Amino acid sequence: MKGVQLCARFSIATNRLKYCGPADAEPALYRTIVEGADLGASEAALLRFEALEPYLLAIASRHGYDPLDHDVVEAYWIGNRLLDAFTRDDFREIIIALSGRGLPRSVAERLVARLPAHPIPHHAFHVSFVGVGSVTGHVETTVPNMESCRPAWARVTKVGEGSLVVEKPALTIEGGQLALGPPAQRSVKYDSRTLPKVKAGDHVALHWNWPALVLSPKQLEGLKEYTGRSLEAANEALRTATLS
């Protein structure tokens with residue numbers, strides 16, 4: 001799978017909801033996912049997603065890759081070794097870039113002041129630290145929206161006509177800290193053209209309740225690891241905010 005196809009799988013849900021990216025991007029993203037077509041149009045559109053492009057550019061420039069290289073895209077949405085070398089100074093530059101894409105200056109200054117020791121350029125950290133909707137202003141920053149926006153893993157228990165029954169943990173707040181609760185079942189819609197081979201027992205990645213991808217065992221491990229590290233770093237920032 002090409003990086004632009006992987007990125008389209010995660011990004012199409014927010015574009016459909018009119019939360020992020022160019023208003024006319026969805027048709028090209030869909031064709032890229034199901035047909036491998038319109039790659040150039042999708043690439044151009046994805047790099048206009050307000051809260052996405054600064055992260056892809058930061059990861060890519062750190063390692064000398066193209067912003068839509070498969071490993072770069074996988075690092076941001078799922079998690080891999082490309083995230084391990086980032087420092088507070090690196091993430092400060094990402095926040096500055098986000099402020100040029102819509103993040104209010106007052107929010108950017110507050111985030112810079114509360115950066116944890118090990119910030120991670122992963123979408124789960126963006127959601128839990130920078131804040132869902134903080135860049136575009138199209139989404140309220142609430143725990144339910146954070147849960148919908150984070151890339152979540154879910155085990156498929158049943159495949160239906162246009163829907164999957166999945167079992168997944170949900171984001172919650174316990175003692176003033178972000179945590180994942182116990183797994184619970186729920187039903188989500190899916191498109192058989194985007195996941196033609198999904199079956200019970202598979203693990204899928206969800207973004208805004210949309211099954212974006214069937215995860216390989218290595219990807220599942222990576223998503224769990226980097227989600228945990230993201231929440232740990234975000235909680236460090238929350239503790240700092242509570243004490244200040």
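**Figure 1. The hairpin of S3 and S4, with Gly175 at its turn**. In this predicted model, two residues sit between the strands of the hairpin, and Gly175 takes a positive phi near 60°. Strand S3 covers residues 171–174 and strand S4 residues 177–180; the two pair in the antiparallel sense, over four bridges. To follow the pairing by eye, start from Glu174, which stands opposite Gln177 in S4.

**Figure 2. An open sheet of five strands**. Here the strand order is S5-S2-S1-S6-S7, and the pairing is antiparallel. Which strands form the edges? They are S5 (184–189) and S7 (210–214), each of which pairs on one side only. From one strand to the next, the twist averages 45°. Strands of a sheet pair through backbone hydrogen bonds, in either a parallel or an antiparallel way. Helix H1, residues 3–16, lies across strand S6 (203–207) and S7, and runs at about 180° to S7.

**Figure 3. Val188 in strand S5 and its surroundings**. Let us zoom in on one edge of the sheet. S5 pairs with strand S2 (residues 163–168) in the antiparallel sense over six bridges, and within S5 Val188 is the bridge partner of Leu164. Is Val188 buried or exposed? Its relative accessibility is 3%, so Val188 counts as buried. Leaving aside neighbours within four places in sequence, Val188 is in contact with Gly162, Ser163, Leu164, Val166, Leu206, Asn209 and Pro211. Pro211 is 23 residues away from Val188 along the chain, yet the C-alpha atoms of the two are separated by 7.7 Å.

**Figure 4. Trp208 in the loop between S6 and S7**. Most residues other than glycine have a negative phi. Trp208 has a positive phi, near 50°, in a residue other than glycine. With a relative accessible area of 12%, Trp208 is buried.

**Figure 5. Helices H6 and H8 packed against each other**. Two packed helices are described by the angle between their axes and by the distance between those axes. For H6 (residues 88–99) and H8 (residues 123–131) the angle is about 70°, and the axes are 13 Å apart. That makes H6 roughly perpendicular to H8. Which residues make the contact? H6 supplies Phe91, Ile95 and Leu98, while H8 supplies Phe125, His126, Phe129 and Val130. By type, these contact residues divide into six nonpolar, one polar and no charged.

**Figure 6. The two faces of helix H7**. Helix H7 spans residues 105–113, and its residues Val107, Ala108 and Leu111 are buried. Seen down the axis of H7, the buried residues fall within an arc of 100°, so they line one face of the helix. What do the buried residues of H7 pack against? Their partners are H6 and H8, the helices shown in the previous view. Turned away from the buried side of H7 is a face that carries the exposed residues Arg105, Ser106 and Ala113.

**Figure 7. Ser128 of helix H8**. This view stays with H8 and picks out Ser128. At 13% relative accessibility, Ser128 counts as buried. Which residues is Ser128 in contact with, leaving aside its neighbours within four places in sequence? They are Met146, Leu178, Ser230, Leu231 and Ala234. One of these, Leu178, takes us back to the hairpin of the opening view, where strand S4 covers residues 177–180.

**Figure 8. Ala28 of helix H2 and Asp38 of the loop that follows H2**. Ala28 lies in H2, residues 26–35, and counts as buried at 12% relative accessibility. Not counting residues up to four places away in sequence, Ala28 touches Ala37, Asp38, Ala41 and Ser42. For a sense of scale, Ala28 and Asp69 are 41 residues apart in sequence and 18 Å apart in space, C-alpha to C-alpha. Asp38 is found in the loop between H2 and helix H3 (39–46). What is the sign of phi in Asp38, positive or negative? Although Asp38 is not a glycine, its phi is positive, at about 55°. With a relative accessible area of 31%, Asp38 is partly exposed.

How values were computed
Residues are numbered from 1 along each chain as its sequence is written. This is a predicted model: local features need pLDDT of at least 70, side-chain atom pairs count only at pLDDT 80 or more; totals for chains, interfaces and linings use all residues. Side-chain values use heavy atoms; hydrogens and water are left out. Axes are lines fitted to C-alpha atoms, for helices over the stretch in contact, and angles run from 0 to 180 degrees between N-to-C directions. Angles under 35 degrees count as roughly parallel, over 145 as roughly antiparallel, 65 to 115 as roughly perpendicular and the rest as oblique. Contact means heavy atoms within 4.5 Å. Ala, Val, Leu, Ile, Met, Phe, Trp, Tyr, Cys and Pro count as nonpolar, Asp, Glu, Lys and Arg as charged, and the others, Gly among them, as polar. Two strands pair if DSSP finds at least two bridges between them. Buried means under 20% relative accessible area, exposed over 50%, partly exposed in between (1.4 Å probe, protein chains only). The arc is that of the directions from the helix axis to the C-beta atoms.
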